[in-house]
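Biologist: Can you walk me through this one? I have some quick questions.

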Amino acid sequence: IHIATRWSVRDLIGRLETLYEGDPRCKFIKCPALDENDESNFDYDYNVGFSTKYFIDMRANLDDVSWRALFMNEPIEREGLLFPKDDLQYFSTLPVGDDGKTLEPDMVFTIADTKDKGADYGVMPILYVYGNEGYLEDVVCNNGKPEIVEAEFVEKLLKHRVKACRFESNAAGGKVADKVDKEVKARGGVTHITRKYTTSNKETRIQVNSPIIKQKILFKANFDRTTEYGMFMTMLVSYVLSGKNKHDDVPDALSMLIEFWESFTG
């Protein structure tokens with residue numbers, strides 16, 4: 001039996017997980033402070049334990065890396081982060097005109113990285129472009145059932161009147177693109193949906209496009225961590241150059257978004 005606070009994915013427990021993954025004689029138990037509904041797992045009867053409010057207050061006063069290591073059993077490497085928070089650009093509001101009203105973007109586009117296996121996330125970052133800057137206004141970041149993710153793709157495309165969307169045409173992407181395209185058109189949407197079979201190495205694609213992501217994309221300065229936007233940002237800032245990444249769907253989706261953007265200008 002080994003019990004510890006997980007400060008690193010390369011600690012003893014991390015190495016044991018890698019060594020004995022799938023072994024029926026080895027079991028790894030994780031009980032985070034907050035469950036999937038942001039409720040305390042340690043709020044017991046008779047006023048003992050720790051309330052939901054206690055943990056939420058604690059989260060608000062800790063940096064994300066420390067919070068996840070100490071309270072959520074989710075170690076994130078401080079060294080080797082490809083998208084540290086301080087390297088990203090942020091916005092509070094979309095650009096406004098002299099009259100104080102929000103300006104119409106030059107274009108609104110997105111890509112869709114479809115959900116493949118159980119642990120994968122369906123990801124769709126929706127970008128509002130003003131000049132040479134892209135404002136990440138909304139996202140889909142969902143690992144629910146495929147039909148739920150597909151329905152959310154449709155709703156986001158309609159809500160933001162997205163003009164262009166490229167689906168990654170992997171094993172499932174082509175079929176999902178056809179279903180989403182049909183539904184969007186049936187409901188009067190304006191999105192032109194295309195498909196592209198991705199052959200490049202995912203890790204290389206992310207690293208090559210990372211400087212452009214930091215340079216050209218602005219992220220919301222204020223968001224709820226429990227929303228899909230919050231999940232999206234957590235996955236982005238925890239991606240490491242070396243070591244195993246549990247989820248790389250978000251940085252990969254942004255790298256494909258940059259490549260799609262560049263295809264407009266040649």
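Modeller: Go ahead. Keep in mind that this is a predicted model.

Biologist: Where is Tyr20 found?

Modeller: Tyr20 sits in the loop between helix H1 (12-19) and strand S1 (43-44).

Biologist: Is Tyr20 buried, partly exposed or exposed?

Modeller: Tyr20 has 35% relative accessibility, so it counts as partly exposed. Buried would need under 20%, and exposed over 50%.

Biologist: Which residues make a nonpolar surface patch with Tyr20?

Modeller: Leu19 and Phe28 join Tyr20 there. The patch covers about 300 Å².

Biologist: Now the sheet. What is the strand order?

Modeller: S3-S9-S6-S5-S4-S7-S8. The sheet is open, has 7 strands and shows mixed pairing.

Biologist: Which strands stand at the edges?

Modeller: Strand S3 (89-91) and strand S8 (192-196). Each has a single partner strand, so one side of each has no neighbour in the sheet.

Biologist: And what does the twist average from one strand to the next?

Modeller: The average is 30°.

Biologist: Let's take S4. How many of its residues are buried?

Modeller: 5 of the 6 are buried, so S4 is largely enclosed by the rest of the structure.

Biologist: How does S4 run against S5, parallel or antiparallel?

Modeller: Antiparallel, with 4 bridges joining S4 to S5. Val108 stands opposite Tyr128 of S5.

Biologist: And S4 with S7, parallel or antiparallel?

Modeller: S4 and S7 run parallel, joined by 4 bridges. Thr110 has Cys165 of S7 as its bridge partner.

Biologist: Over to S6 and S9. In which sense do they pair?

Modeller: Strand S6 (residues 133-142) and strand S9 (residues 217-220) pair in the parallel sense, over 2 bridges. Gly134 has Ile217 in S9 as its bridge partner.

Biologist: Which helix packs on the sheet, touching S9 as well as S4?

Modeller: Helix H8 (residues 249-265). It touches S4, S5, S6, S7, S8 and S9. The direction of H8 makes about 135° with that of S4.

Biologist: What about H4? Which strands does it lie across?

Modeller: Helix H4 (residues 146-159) lies across strand S4 (107-112), strand S5 (122-130), S6, strand S7 (164-168) and S8. H4 runs at about 150° to S6.

Biologist: Switching to H3. How many of its residues are buried?

Modeller: In helix H3 (residues 64-71), 7 of the 8 residues are buried, so the rest of the structure largely encloses this helix.

Biologist: Which ones are buried?

Modeller: Asp64, Val65, Ser66, Trp67, Arg68, Ala69 and Phe71.

Biologist: What covers the buried residues of H3?

Modeller: The cover includes helix H2 (52-60) and helix H7 (228-237).

Biologist: Which residue takes a positive phi just after H3?

Modeller: Asn73, with a phi of about 55°.

Biologist: Let's stay on backbone angles. What is phi at Asp38?

Modeller: Near 65°, a positive value in a residue other than glycine. Asp38 is in the loop between H1 and S1.

Biologist: Is Asp38 buried or exposed?

Modeller: Asp38 is buried, because its relative accessible area is 17% and buried means under 20%.

Biologist: Last one, Asn47. What is its phi, and where is its place?

Modeller: Phi of Asn47 is positive, about 60°, although Asn47 is not a glycine. Its place is the loop between S1 and strand S2 (48-49).

Biologist: And Asn47, buried or exposed?

Modeller: Exposed, with a relative accessible area of 81%.

Key. Residues numbered from 1 in each chain as written. Predicted model: local features only at pLDDT ≥ 70, side-chain atom pairs only at ≥ 80, totals over all residues. Heavy atoms only, no water. Patch = residues over 30% accessible without salt bridge, like charges linked within 9 Å, V, L, I, M, F, W, Y side chains within 5 Å. Areas by Shrake-Rupley, 256 points an atom, 1.4 Å probe, with all protein chains shown as cover. Salt bridge = Lys/Arg side-chain N within 4 Å of Asp/Glu carboxyl O. Buried < 20%, exposed > 50% of the residue type's maximum accessible area, 1.4 Å probe, protein only. Pairing = 2+ DSSP bridges. Axes fitted to C-alpha atoms, helices over the stretch in contact; angles between N-to-C directions. Contact = heavy atoms within 4.5 Å.
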